Amino acid sequence: MRKGPGFGVTALKKKLFIKTYGCQMNVYDSDRMADVLGPLGYEPTDTPDGADMVILNTCHIREKASEKVYSELGRIRHLQNEKAADGGRMVVAVAGCVAQAEGAEIMMRAPHVDMVFGPQTYHQLPEMVTRAVRGAGGVVNTDFPVESKFDLLPEESAKPQGPAAFLSVQEGCDKFCTFCVVPYTRGSEYSRPVAQVLNEAKRLVSHGVREITLLGQNVNAFHGEGPDGKAWGLGRLIRALAEIDGLARIRYTTSHPRDMDDDLIDAHGTVPQLMPFLHLPVQSGSDRILAAMNRKHTGDDYRRLIDRLRTRQPDLALSSDFITGFPGETDQDFADTLRLITDIGFAQAYSFKYSARPGTPAATLEGRQVDEKVKDERLQAVQQLLNAQQVAFNQTMIGRTLSVLFDRVGKLEGQLLGRSAYMQSVYVQAPARLMGQMVEVHITGAYANSLSGHVVTGETMTQAASRAVEVHA
Ligand code: 5AD
Ligand code: SF4
């Protein structure tokens, strides 16, 4: 079908394909971009074929993530040419952190790109689209505008896709870990005002959302302005969110150990809606490497912090991030990492080979870069240990009854998929009407990455209750 040249602000329906790379902040941003483009006639589609606009929302955190963008742009170029041969036009945009870091360089490597814009600018999309479509050259926008995009996004647009939603409350990072590009691509820390967060949360809940994950590059550094004019920490924000009727689950990610303050630790023991699962990256177990990473904590600081958290919430399941082969990492340093993992015991975790990122201090540690083969071996060893811990953790669920929020349909007929409080995926044969509901599930199977079980019906609950009575009688 010919679309014609009408790319201005018209009511003509146009197809928008957004591909998201990287973290959950990008997932949230992609949804908001779709919200901003909706009034311009763009409707989301799930394939780039024949789309009127393709946005790659990119990640710059490791080299592999960045390079993926260029190979995808190569594929998109063919689709763009096909569309042009049909008399149409496909606008191609690169957004997110690669856009922020590389700016106009992207257009030099890939001249068919029409727009390059950073994570702080997507509220300006309507203007950028108009310029890109009408103007001669491409649009590059990597500003950190004085206004906050959060103040300018369409109010009622944030329509949730299901019962579990992300809510971005904080952006940027001032920690400057020496391996990390985030402080350069996302800028310095910014927290949204509490009232704005509460309003968005209430709106999500009014649309049926039962679970909210608060997002931020360093979310526990949250210090948004409260209604009292004072800066509120994340613990206080969580307590206020817990008062929203119908909001059953609260999570937050991702955090820095140094920003776990007393109030937040306390919230883990006192706010029932705050799920007993915490992603708290430690990166390494070696004090020498932690210092070189500018983490400003030791392995024992982390151990003590976990002890305090577990004292408040004994049921807490932990997740973390690890980097293997940071410049100068010795066998002993790596052994310290394995020891820390063994000491703590993680329910799940992510591990990565160190990737030198241009412009970061660690990338310039000449002569200290670890051999690729050694990085690989260490990555495999760390993953083996973490996988074993994950399997062991999942096994402990067998025979337990867990609350599961069904948020997806499974691949098999009649199957629903949901998440436990500990973030495990749980597969269950269940009627479709339970979609979006929080349901008690008796766990019968545990695998590397998921659990399975059956719904505890009213009937089985009564049986269980009468058994309990018999036992106690
Ligand atoms: N190399 C490898 N892993 C990295 N991460 C961040 N920067 C790098 C890098 N240069 C990892 C950290 C962080 C996670 C999001 O990505 O473990 O917590
Ligand atoms: Fe990067 Fe996280 Fe360190 Fe900030 S705290 S610099 S986002 S690794």
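## Exercises on a predicted model

An N or O atom in the side chain of Asp321 sits 2.6 Å from an oxygen atom of ligand 1. This is a predicted model, where local features need pLDDT of at least 70, side-chain atom pairs count only at pLDDT 80 or more, and totals for chains, interfaces and linings use all residues. Residues are numbered from 1 along each chain as its sequence is written, chains are lettered from A and ligands numbered from 1 in the order in which they are written, and side-chain values use heavy atoms, with hydrogens and water left out.

**Exercise 1.** Describe the surroundings of ligand 1.

*Solution.*
- Start with the polar contacts (pairs of N or O atoms within 3.5 Å). Besides Asp321, a polar side-chain atom of Gln283 lies 2.6 Å from an oxygen atom of ligand 1. A nitrogen atom of ligand 1 is 3.0 Å from a polar backbone atom of Phe179.
- Next, coverage. The protein covers 87% of the 400 Å² of accessible area that ligand 1 has on its own (Shrake-Rupley method, 1.4 Å probe).
- Then find the elements. Strands S13 (317–324) and S14 (348–353) each give two or more residues to the shell (strands are DSSP E runs of at least two residues, helices H or I runs of at least four).
- List the neighbours, with a heavy atom within 4 Å. Among them are Ile61, Arg62, Lys353 and Arg357.
- Sort by class. The shell has five nonpolar, two polar and four charged residues.

**Exercise 2.** Sort the shell around ligand 2 by class.

*Solution.*
- Pick out the residues. They include Cys173, Cys177, Cys180, His256 and Arg295.
- Phe179 is also on this list, and it belongs to the shell of ligand 1 too.
- Count: seven nonpolar, one polar and two charged.

**Exercise 3.** Characterise the packing of H8 and H9.

*Solution.*
- Geometry first. H8 (residues 194–206) and H9 (residues 234–241) pack at about 35°, with axes 11 Å apart (lines fitted to C-alpha atoms over the stretch in contact; angles run from 0 to 180 degrees between N-to-C directions).
- Now the contacts (heavy atoms within 4.5 Å). Val194, Val197, Leu198 and Ala201 of H8 meet Leu237, Ala240 and Leu241 of H9.
- Class: seven nonpolar, no polar and no charged.

**Exercise 4.** Find the backbone exceptions at Thr254 and Gln283.

*Solution.*
- Recall the norm: most residues other than glycine have a negative phi, and most peptide bonds are trans.
- The Thr253 to Thr254 bond is cis, with omega near 5°. Thr254 is in the loop between S11 (249–253) and H10 (262–270).
- Gln283 has a positive phi of about 75°. Gln283 lies in the loop between S12 (277–279) and H11 (287–292).

Definitions and conventions:
Polar contact = N/O pair within 3.5 Å; in protein donor to acceptor, adjacent residues only side chain to side chain. Nonpolar A, V, L, I, M, F, W, Y, C, P; charged D, E, K, R; others polar.
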